[in-house]
Amino acid sequence: MKPDYLFGLAALARSVLASDQQPLRAAQLHETGPEPRLDQVIASSPLLSFHRDIVEIASVTENEKTVGDFILEFLAAQNLTVEKQIVTPETKDQKERFNIYAYVGKNRYPDVLLTSHIDTVPPFIPYSLHSPQTDGSLFDRNDLVIAGRGTVDAKASVAAIIFAALETLRDNPDASIGLLFDVGEERDGVGMKHFSNSDLNLKPPTYRSIIFGEPTELNLVAGHKGSMKFTLVSRGKAAHSGYPWLGESAISAILPVLSHLDSLPNILPQDGGFPRSERLGQSTLNIGQISGGVAANVVPAYAEATISVRIAEGSPEDIREIIRKAVDSVSEGDQNIDLEFGHPQTGTGPQYFDVDVDGFDVITVNYGTDAASLHIHNQSSQKVQRYLYGPGSIHVAHADNEAITVGELEEAVQGYKRLISASL
Ligand SMILES: [Zn+2]
């Protein structure tokens with residue numbers, strides 16, 4: 001969705017929402033009657049109402065408890081067995097954080113697991129509805145725009161997964177499906193890692209198929225890049241800037257190293273550059289933050305840069321080795337230049353998904369998901385199918401104009417149902 005399209009509508013939508021009156025413009029333009037009140041379109045649909053309710057509850061990472069309680073109660077009211085998997089217990093400084101795990105009756109280890117995350121990135125942006133009308137054509141509820149933080153990432157997936165599961169169970173009450181809604185995906189994947197290490201993720205795996213919900217614009221995703229982070233540190237010696245030879249500039253030392261690292265994606269692997277893959281393209285690097293020095297007239301004694309890499313091929317350790325060599329080659333073993341990869345060293349390699357269900361377009365994406373945090377035991381001998389699918393566009397997720405249409409949200413329910421039935 002184009003940002004200007006959405007926000008061109010905002011003023012009109014606000015005036016519609018602020019008033020109990022039918023908007024004059026809509027009434028004049030419709031042959032078949034006035035535009036319905038937008039909030040009534042939402043209120044008349046259990047799916048859209050549930051989506052509104054969970055979006056209206058702020059759940060920026062680390063503050064997932066209230067929305068978690070809401071979803072837990074909703075699922076329990078649908079006669080599902082619901083478990084609260086506590087990830088971080090309540091303390092003086094921190095609110096309780098928990099994953100929600102739901103299944104049918106006593107079927108705690110179902111064949112098909114559907115999962116998404118309930119945290120969002122900051123800041124919280126309130127829920128709002130925006131009329132689709134721009135050109136005087138008839139009101140089409142499919143085009144009604146729902147905006148606000150999490151409307152796409154990933155509360156659209158959460159809502160669509162739940163309603164796809166409930167509709168599946170209405171037709172087939174014994175369908176062997178389970179639901180997992182986890183915390184912390186947007187920061188460190190703590191919720192999925194907790195689940196992965198718990199007694200719900202057995203060895204060998206009990207799931208035959210796992211469906212991850214993230215914004216894919218209703219396409220099946222064949223793969224996404226992995227990622228890793230590191231910090232480059234440079235230490236020097238402070239001095240008066242009029243007498244720079246009395247000091248050692250940490251910034252002057254770090255610049256050529258950063259410049260070389262920046263070029264690694266464009267250097268061939270055999271020449272020490274980053275690996276690339278046919279399916280995911282080039283590994284890329286982003287120098288996201290640099291800092292150093294204290295004033296213009298002081299030779300800087302310290303500088304650092306934090307850098308992230310999106311990995312198209314190979315493991316995080318492969319990338320670390322390339323970076324170590326690249327830094328050594330430029331700094332020529334300078335003891336004042338250091339690489340910090342963190343303890344423990346983290347990162348994930350690229351993730352590949354199954355795309356063997358007909359009727360979907362297939363794409364690759366550049367963002368990471370919880371999939372890397374869920375370790376599937378014995379994956380080589382006993383393959384568990386993994387799918388990545390969901391409503392909404394990553395191009396507006398995390399942005400100020402995050403929004404989805406009613407049509408896409410409703411279509412996702414059908415998409416998840418097709419994936420469930422193909423998996424059962
Ligand atoms: Zn997400």
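In this predicted model, a zinc ion is held by three residues: His117 through NE2, Asp153 through OD and Glu214 through OE. The coordination distances run from 1.9 to 2.1 Å. Along the sequence, the donors follow the spacing H-x35-D-x60-E. His117 and Glu214 are 97 residues apart and link distant parts of the chain. His117 belongs to strand E3 (residues 112-117). Glu214 sits in the loop between strand E7 (209-213) and E8.

The donor Asp153 also takes part in a cis peptide bond, with Ala154. Omega for this bond is about 0 degrees. Ala154 lies in the loop between strand E5 (145-147) and helix H7 (155-171). A cis peptide bond also joins Pro122 and Pro123, with omega at about -10 degrees. Pro123 is placed in the loop between E3 and strand E4 (128-130). Backbone geometry is also notable at Glu62, a residue other than glycine whose phi is positive, near 85 degrees. Glu62 falls in the loop between helix H5 (46-56) and helix H6 (65-77). Most residues other than glycine have a negative phi, and most peptide bonds are trans.

Salt bridges number 17 across the whole structure. One of them pairs Asp199 with Arg108, with 3.3 Å between the closest N and O atoms. This pair, too, connects distant parts of the chain, at a separation of 91 residues. Asp199 is in the loop between helix H8 (190-196) and E7. Arg108 is in the loop between strand E2 (97-103) and E3.

The protein divides into two domains. Domain 1 comprises residues 3-224 and 350-423, and domain 2 spans 226-340. Their C-alpha centres are 38 Å apart. Each domain gives 9 residues to the contact. About 640 Å² is buried between domain 1 and domain 2. Carbon and sulfur atoms account for 56% of that area. On the side of domain 1, Pro350, Tyr352 and Thr364 provide 65% of the area buried against domain 2, more than any other three residues.

No salt bridges are counted between domain 1 and domain 2. Polar contacts are likewise absent, with 0 residue pairs found across the interface where both residues have pLDDT 80 or more. Strand E8 (residues 220-224) contributes 3 residues, the largest share of the domain 1 side that touches domain 2. By residue class, this side of domain 1 has 4 nonpolar, 5 polar and no charged residues.

Definitions and conventions:
Residues are numbered from 1 along each chain as its sequence is written. This is a predicted model: local features need pLDDT of at least 70, side-chain atom pairs count only at pLDDT 80 or more; totals for chains, interfaces and linings use all residues. Side-chain values use heavy atoms; hydrogens and water are left out. Domain bounds come from an automatic or database domain assignment. Contact means heavy atoms within 4.5 Å. Buried area is the accessible area (1.4 Å probe) that two parts lose on being put together, summed over both. A salt bridge is a side-chain nitrogen of Lys or Arg within 4 Å of a carboxyl oxygen of Asp or Glu. A polar contact is a pair of N or O atoms within 3.5 Å; within protein, one must be able to donate a hydrogen and the other to accept it, and residues adjacent in sequence count only if both atoms are side-chain atoms. Helices (H or I, at least four residues) and strands (E, at least two) are DSSP runs, numbered from the N terminus. Ala, Val, Leu, Ile, Met, Phe, Trp, Tyr, Cys and Pro count as nonpolar, Asp, Glu, Lys and Arg as charged, and the others, Gly among them, as polar. Donors are N, O and S atoms within 2.8 Å of the metal (3.2 Å for Na, K and Ca); water is not among the atoms, so sites may look incomplete.
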